[in-house]
Amino acid sequence: RMSTARRPRVWRALGSGFELLYRLAFLIAAILVLGPLWAWARLRGIQVSVERDISHTQVGSHFTQRVAIRRQGRLPAYRIEFREPSDLPGHQAGAVVNLPSQDGFRSWQITTLCRRRGRFTLGPAAVSTSDPFGLFSFQRRVTEPFSLLVYPKQVELPGFALPSTALPEHGHRQRRGHQASTSAVTVRDYSPNDSFHRIHWPSTARLGKLMVKEFEMETSTDLWLVLDLDVPYHRGEGEESTEEYAVTAAASLARKYLEAEYAVGLLVGGRSPVLVPGGRGSRQLKRILEVLAEARASGEGRLVRVLEKEGQRLNHNSTLVVITPSWDRNWPEAVAQVTRRGMRATAILVDASTFGEA
């Protein structure tokens with residue numbers, strides 16, 4: 001029988017005869033077992049909140065969000081990594097924080113200057129942590145993807161005015177009224193002076209309170225903005241491009257004349273023309289800005305065809321404003337054809353030769 005005193009020597013022999021290797025093997029085994037449990041336990045007690053006040057902004061403005069990380073539990077949490085991938089240019093939301101004490105808390109603010117219009121996605125955000133040796137890492141998603149719409153830049157135009165002969169008179173302006181018409185544009189809360197036949201029952205059932213229809217009086221659109229996005233005539237890149245200047249001009253004109261209580265419509269030319277029917281007020285400005293935010297130059301030689309096709313649908317008493325960098329000699333004739341049907345017209349030319357190849 002093997003004596004008790006000789007057993008440690010046998011085990012040491014199994015470990016190549018070195019007691020240090022024997023202990024090292026136990027240490028490695030402990031790390032392999034306890035390391036993942038340590039990292040998982042630290043991540044389990046972490047709570048993350050991301051606050052965003054707006055879902056849209058405009059070029060030149062700042063988008064701000066606030067991130068807060070809280071740790072609940074007895075274990076300290078070192079090197080907690082927060083990451084939020086995004087295609088928004090300049091948006092950097094990564095951070096590494098330490099929460100050494102129980103119920104630790106850290107918060108910080110992320111501010112991004114919006115330099116480019118479009119629809120961008122932020123997230124989903126995730127937090128990750130690892131064991132003290134950095135061998136095992138665990139990650140957990142903490143937010144859902146967030147969509148941010150960046151409107152085009154809008155500038156003040158105090159010195160700009162269309163020719164007085166180009167604008168229609170204000171006598172037949174379309175206004176939102178209390179009398180029922182064939183055009184219901186929105187719903188609002190019920191007031192004691194409203195008649196029951198104006199109640200919009202689907203909205204009432206959905207919202208749990210009385211909602212009534214609000215009508216808009218029928219009349220023609222005062223101003224049509226036609227934005228030319230034919231690829232061959234655009235020059236420059238990014239912020240310094242004919243495309244960006246043309247979109248900025250359209251957005252600025254829409255805001256200027258909607259604030260002056262004109263009815264404004266939008267026609268965007270390109271591979272797939274987009275028509276925004278005429279309307280008034282802040283709701284109409286929002287519709288136009290949403291279209292312009294995602295408008296991109298596409299197609300080839302489409303402005304003439306767009307004017308010929310869509311010009312048939314435009315109101316004859318309206319004013320047409322064409323915004324284009326095109327040096328094609330055919331589109332002025334297409335505009336002239338529209339004016340022969342009773343419309344007034346003017347053009348804003350973006351000088352492509354100042355953005356690159358003439």
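This tour goes from the whole chain to one helix pair and then to two loop residues.

**Whole chain**

Start with everything selected. This is a predicted model. Colour by secondary structure: the protein chain has seven helices and 20 strands. Now switch to burial. Of the 358 residues, 41% count as buried. Turn on the surface. The accessible area of the chain comes to about 20,500 Å². Carbon and sulfur atoms hold 52% of that area. For a contact map, take pairs of residues at least 6 apart in sequence; 72% of those contacts join residues at least 24 apart.

**Helices α6 and α7**

Next, select residues 303-310, helix α6, and residues 331-339, helix α7. Two packed helices are described by the angle between their axes and the distance between the axes. Here the angle is about 10°, and the axes are 9 Å apart. The angle is under 35 degrees, so α6 is roughly parallel to α7. Show side chains at the contact. From α6, pick Leu 303, Val 304 and Leu 307. From α7, pick Trp 331, Ala 334, Val 335 and Val 338. Which classes of residue make up this contact? It has seven nonpolar residues, no polar ones and no charged ones.

**Arg 117**

Move to Arg 117. Find it in the loop between β6 (105-113) and β7 (118-122). Is Arg 117 buried or exposed? Its relative accessibility is 0%, so Arg 117 counts as buried. Draw two distances from its side chain. One is a polar contact of 3.0 Å with the side chain of Glu 244. The other runs from a polar atom of the Arg 117 side chain to the backbone oxygen of Ala 293, at 3.4 Å. Then show its neighbours, leaving out residues up to four places away in sequence. Arg 117 touches Val 59, Val 150, Tyr 151 and Pro 152, among others. Its contacts also include Glu 243, Glu 244 and Val 247, as well as Leu 292, Ala 293, Glu 294, Ala 295 and Arg 296.

**Gln 154**

Last stop: Gln 154. Look in the loop between β10 (146-151) and β11 (176-177). Gln 154 has 10% relative accessibility, so this residue counts as buried. Which side chain does the side chain of Gln 154 join in a polar contact? The partner is Gln 58, at 2.9 Å. Then measure out to Pro 152: the side chain of Gln 154 reaches the backbone oxygen there at 3.4 Å. Finish with the surroundings. Not counting residues up to four places away in sequence, Gln 154 touches Gln 58, Ala 251, Ser 252, Arg 255 and Leu 289. Keep Pro 152 on screen, since Arg 117 touches that residue too.

Conventions
Residues are numbered from 1 along each chain as its sequence is written. This is a predicted model: local features need pLDDT of at least 70, side-chain atom pairs count only at pLDDT 80 or more; totals for chains, interfaces and linings use all residues. Side-chain values use heavy atoms; hydrogens and water are left out. Helices (H or I, at least four residues) and strands (E, at least two) are DSSP runs, numbered from the N terminus. Buried means under 20% relative accessible area, exposed over 50%, partly exposed in between (1.4 Å probe, protein chains only). A polar contact is a pair of N or O atoms within 3.5 Å; within protein, one must be able to donate a hydrogen and the other to accept it, and residues adjacent in sequence count only if both atoms are side-chain atoms. Contact means heavy atoms within 4.5 Å. Accessible areas come from the Shrake-Rupley method with a 1.4 Å probe; for residues, only the protein chains shown count as cover. Axes are lines fitted to C-alpha atoms, for helices over the stretch in contact, and angles run from 0 to 180 degrees between N-to-C directions. Angles under 35 degrees count as roughly parallel, over 145 as roughly antiparallel, 65 to 115 as roughly perpendicular and the rest as oblique. Ala, Val, Leu, Ile, Met, Phe, Trp, Tyr, Cys and Pro count as nonpolar, Asp, Glu, Lys and Arg as charged, and the others, Gly among them, as polar.
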